[in-house]
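Open the model in your viewer and keep the sequence panel beside it. Each stop below gives a selection and then what to look for there.

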Amino acid sequence: MESIVAITGGGIKGAVAAARYGRDHEITFVHVDYGQSAAVPEKEAVRAIAAAMPKARAITVALPHVVQVQDWLHGLAREPGSKRRGEAAGPQEPSAVSLLGLVPVLLSAGAQVAIQVGASRLVTGLSARCVATHLGLPQPDGHTDRLQELIHAFNIMLETASSGRSAVVAEAPLMNVVYHDIIKLAQRFELPLQRTRTCLGKNPHPCGRCEACLARDVAFTDASLIDPLHAVGTGS
């Protein structure tokens with residue numbers, strides 16, 4: 001039986017990327033806590049998604065260095081003569097700055113899990129809506145060719161680092177699929193959409209105002225479907 005590792009924050013895309021392999025695969029969902037506000041509700045969503053699949057399990061991996069680097073930078077900003085002086089000081093929620101280059105970090109965390117559990121595939125739900133910010137680029141552009149290049153380069157690194165001992169292959173199967181079509185796939189796979197997590201906020205219920213919530217609303221509208229989160233009266 002083939003083993004799959006899927007990186008997810010409890011959202012629809014990560015669940016679909018894993019579910020497309022069917023119910024005959026052993027799936028390990030990897031949730032990464034890098035200090036984001038939504039870490040706790042994301043973890044609960046990942047567990048709910050895994051519970052809905054017959055051969056799935058979930059693990060949360062902590063990567064505190066993301067916030068540590070940001071706090072360090074804010075400390076530098078407070079030093080006399082710093083060019084960064086005047087910026088907000090003290091612990092901050094991960095911002096667009098701290099998220100620069102996050103995707104390679106998440107892939108590395110997933111790869112470590114995949115190698116240890118003997119998985120053959122490392123799956124990410126990044127799609128056509130992937131923003132360049134997460135790839136380490138200065139501005140969002142939605143160009144999926146950049147994601148394709150990243151996955152290709154990461155696979156070269158995996159092959160080189162493993163020296164033939166591991167057959168893990170990283171994939172982004174939804175990179176050319178638009179968000180509303182992904183939602184239709186989620187419905188076809190009978191995924192618990194009412195338990196998925198999209199919001200960037202820390203509260204249990206979605207805020208309905210952040211970029212992720214708004215994008216989800218548009219996607220459900222484009223798919224001519226009603227978001228079950230609205231149906232149960234919990235927000236976006």
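**The whole chain**

Start with everything shown. The chain has 236 residues, and 44% of them count as buried. Bear in mind that this is a predicted model. Switch to cartoon: 8 helices and 5 strands appear. Trace them along the sequence and you read β-α-β-α-β-α-α-β-α-β-α-α-α. Now consider contacts between residues at least 6 apart in sequence: 67% of these join residues at least 24 apart.

**The sheet**

Select the strands next. In what order do they lie across the sheet? The order is E3-E2-E1-E4-E5, in an open sheet of 5 strands with parallel pairing. Look at the edges: strand E3 (56–62) sits at one of them and E5 at the other, each pairing on one side only. Sight along the sheet to see the twist, which averages 25° from one strand to the next.

Zoom in on E1 (residues 3–7) and E4 (residues 121–124). These two strands run parallel and are joined by 4 bridges. Pick Ile4 and look across to E4, where its bridge partner is Arg121. Then pick Ala6, which stands opposite Val123 in E4.

Step over to the pairing of E4 with E5. It is parallel too, with 3 bridges. Here, select Leu122 and find Ala170 of E5 opposite.

**Helices on the sheet**

Add helix H1 (residues 12–19). H1 lies across E1, strand E2 (26–33) and E4. Its direction is at about 155° to E2. Next, add helix H2 (residues 39–51), which packs on the sheet and touches E2 and E3. The angle between the directions of H2 and E2 is about 175°.

**His25, between H1 and E2**

Select His25 in the loop between H1 and E2. Is His25 buried or exposed? His25 has a relative accessible area of 16%, under the 20% cut-off, so His25 counts as buried. Show side chains and display two distances. The side chain of His25 makes a polar contact of 3.3 Å with that of Glu2. The His25 side chain also reaches the backbone oxygen of Tyr21 at 2.5 Å. Leaving out residues up to four places away in sequence, His25 touches Met1, Glu2, Ile4 and Lys55. You have already met Ile4 as the bridge partner of Arg121.

**Thr124, in E4**

Go back to E4 and select Thr124. Thr124 is buried, at 8% relative accessibility. Which backbone atom does the side chain of Thr124 reach? It is the nitrogen of Leu126, at 3.3 Å. Now expand the selection to contacts beyond four places in sequence. Thr124 meets Ile7, Ala17, Leu107, Ile151, Glu171, Ala172 and Pro173.

**Ala109, in H4**

Move to helix H4 (residues 102–117) and select Ala109. Ala109 is buried as well, with a relative accessible area of 11%. Beyond its neighbours within four places in sequence, Ala109 is in contact with Val32 and Leu63. Leu63 is 46 residues away along the chain, and the two C-alpha atoms are separated by 8.6 Å.

**Val178, before H6**

Select Val178 in the loop between strand E5 (169–171) and helix H6 (179–188). Val178 is at 36% relative accessibility; that falls between the 20% and 50% cut-offs, so Val178 is partly exposed. Draw a line from its C-alpha atom to that of Ser127. The separation is 7.0 Å, although Val178 and Ser127 are 51 residues apart along the chain.

**H6 against H7**

Finish by showing H6 with helix H7 (residues 211–222). Two packed helices are described by the angle between their axes and the distance between the axes. For H6 and H7 the angle is about 70° and the axes are 8 Å apart. Angles of 65 to 115 degrees count as roughly perpendicular, so that term applies to H6 and H7.

Which residues form the contact? Color these groups:

- From H6: Tyr179, His180 and Ile183.
- From H7: Ala215, Arg216, Ala219, Phe220 and Asp222.

By class, the contact of H6 with H7 has 5 nonpolar, 1 polar and 2 charged residues.

Methods: Residues numbered from 1 in each chain as written. Predicted model: local features only at pLDDT ≥ 70, side-chain atom pairs only at ≥ 80, totals over all residues. Heavy atoms only, no water. Buried < 20%, exposed > 50% of the residue type's maximum accessible area, 1.4 Å probe, protein only. Axes fitted to C-alpha atoms, helices over the stretch in contact; angles between N-to-C directions. Parallel < 35°, antiparallel > 145°, perpendicular 65-115°, else oblique. Contact = heavy atoms within 4.5 Å. Nonpolar A, V, L, I, M, F, W, Y, C, P; charged D, E, K, R; others polar. Pairing = 2+ DSSP bridges. Polar contact = N/O pair within 3.5 Å; in protein donor to acceptor, adjacent residues only side chain to side chain.
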